[in-house]
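I opened this notebook to keep track of what I looked up, place by place, and of how I reasoned about each place. The entries follow the order in which I looked.

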Amino acid sequence: MSLGIVLAVLLGSAVAVGILAAFGRTHRSREGSFSSGALGFLGSASLSSFMLVTGFLIAGSWSNLNTARGHTWDEARSLNAAYTDADASTRPLLRSYVSEVIGPDFEAMTHGTASPTAWAGLDAVRAHVAAMPDSPQRTTMLSDLDDVYTKRQIRLADASVSLPAPLYPALIGTGVLVLLYAPIAGLTFQRREAIALGLVGAVVGFGIYLVLHMTHPYSGPMHVTPVAYQQSLERFTQLSQQS
């Protein structure tokens, strides 16, 4: 992650200085012979476009992230209820399923899929309960497992959520437009100007990197962790000690 941020910042700076070198040597650029009103309009339009696309993507990604995190807690609460109602022979199977979720399942969700071993673990719990003699406890346990299945399906659906694809090239395009505006407005290829625009490019590069790595709720620098299920294992231990 840190290396990616550094590379994004350096790339943003390099692109900004390269644009300045390419467009900041012309006679018009040196003389600044452009309409100030037109330049003001173009500058505001380019910056507003970048901020609009960036803000939309950040807000959408953050909403997806919080929704996905909430769904993990919903499933964890259902698992806690299932463990509370389960008998002594079913509880180890539930614990094994939660361990599979924390490990292989979360690893698979970074790629938008689910772990077959986690599915097999939950199916084994239901098969075990279904084979029990009919009783009120068995009925309650099956109802609890149906709820767990529902919450699991919702969680897995979050792993494939995405925002409209055209927004991402629009993000990069508007970022380049912000940097391109400076030499058009009259900024020349001098040391101090290059440093100043390079810093702006670094900020733009960092912003683009951050947005592009917030697109998936289960991967990237900010992602959903299995802390809800880790706390469920701790709760399982407490319930077992109380029995």
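**Entry 1: A16**

I began with A16, which lies in helix 1, the stretch of residues 2–23. Before going further I noted that this is a predicted model. Is A16 buried or exposed? I found a relative accessibility of 0% for A16, and because buried means under 20% relative accessible area, A16 counts as buried. Leaving aside residues up to four places away in sequence, I listed what A16 touches, and the list reads L179, L197, G198 and G201. I also looked up the separation of A16 and V204, which are 188 residues apart in sequence, and their C-alpha atoms are 9.5 Å apart in space.

**Entry 2: helix 4 against helix 6**

Next I turned to a pair of helices, helix 4 and helix 6, the latter covering residues 136–158. Their axes come within 13 Å and cross at roughly 10 degrees. Angles under 35 degrees count as roughly parallel, and therefore I wrote down that helix 4 and helix 6 are roughly parallel to each other.

Which residues meet where these two helices are in contact? From helix 4 I noted L94, Y97, V101, D105 and M109, and from helix 6 the residues they meet are L145, V148, R152, R155 and L156. Sorted by class, this contact of helix 4 with helix 6 has seven nonpolar residues, three charged residues and no polar ones.

I then looked at helix 6 by itself, which has 23 residues and reaches 34 Å from its first C-alpha to its last, close to the 33 Å expected at 1.5 Å a residue. Several residues of helix 6 are buried, among them L145, V148, R152, R155 and L156, and these five also appear in the contact with helix 4. The buried residues of helix 6 also include R138, M141, D144, Y149 and D158.

**Entry 3: S115**

I followed the chain to S115, which is found in the loop between helix 4 (91–109) and helix 5 (116–130). S115 has a relative accessible area of 4%, and I recorded it as buried because the limit for that word is under 20%. What does S115 touch, once residues up to four places away in sequence are not counted? I found P104, D105, A108 and R152. Two of these names were already in my notes, since D105 of helix 4 and R152 of helix 6 are listed where those helices meet.

**Entry 4: the rings around F106**

I looked up aromatic pairs next and found that the structure holds four of them. In one of these, the rings of F106 and Y218 have their centres 5.5 Å apart and their planes at 80 degrees, so I entered the pair as edge-to-face. This pair links distant parts of the chain, with F106 in helix 4 and Y218 in the loop between helix 8 (191–212) and helix 9 (227–242), 112 residues apart. F106 is buried at a relative accessible area of 8%, and Y218 is buried at 2%.

F106 also forms an aromatic pair with Y229, with 5.9 Å centre to centre and 70 degrees between the planes, and this pair is edge-to-face. Because F106 lies in helix 4 and Y229 in helix 9, the pair ties together parts that are 123 residues apart in sequence. Y229 has a relative accessibility of 0% and counts as buried. I closed the entry by writing that F106, Y218 and Y229 form one aromatic cluster.

**Entry 5: M222**

I stayed in the loop between helix 8 and helix 9, which is also the place of M222. Is M222 buried or partly exposed? With a relative accessible area of 29%, M222 is partly exposed. Apart from residues up to four places away in sequence, M222 touches W62, L65, L210, M214 and H216. M222 and S135 are 87 residues apart in sequence, and I found 45 Å between their C-alpha atoms.

**Entry 6: Y181 and A124**

Y181 is found in helix 7, residues 167–185, and with a relative accessible area of 23% it is partly exposed. Y181 and D105 are 76 residues apart in sequence and 47 Å apart in space, C-alpha to C-alpha. A124 has its place in helix 5, and at 37% relative accessibility A124 counts as partly exposed. My last look-up was the separation of A124 and V101, which are 23 residues apart along the chain and have C-alpha atoms separated by 14 Å.

How values were computed: Residues are numbered from 1 along each chain as its sequence is written. This is a predicted model: local features need pLDDT of at least 70, side-chain atom pairs count only at pLDDT 80 or more; totals for chains, interfaces and linings use all residues. Side-chain values use heavy atoms; hydrogens and water are left out. Helices (H or I, at least four residues) and strands (E, at least two) are DSSP runs, numbered from the N terminus. Buried means under 20% relative accessible area, exposed over 50%, partly exposed in between (1.4 Å probe, protein chains only). Contact means heavy atoms within 4.5 Å. Axes are lines fitted to C-alpha atoms, for helices over the stretch in contact, and angles run from 0 to 180 degrees between N-to-C directions. Angles under 35 degrees count as roughly parallel, over 145 as roughly antiparallel, 65 to 115 as roughly perpendicular and the rest as oblique. Ala, Val, Leu, Ile, Met, Phe, Trp, Tyr, Cys and Pro count as nonpolar, Asp, Glu, Lys and Arg as charged, and the others, Gly among them, as polar. The expected span of a helix is 1.5 Å times one less than its number of residues. Rings of Phe, Tyr and Trp (its six-membered ring) pair if their centres lie within 6.5 Å; planes under 30 degrees apart count as stacked, over 60 as edge-to-face and the rest as tilted.
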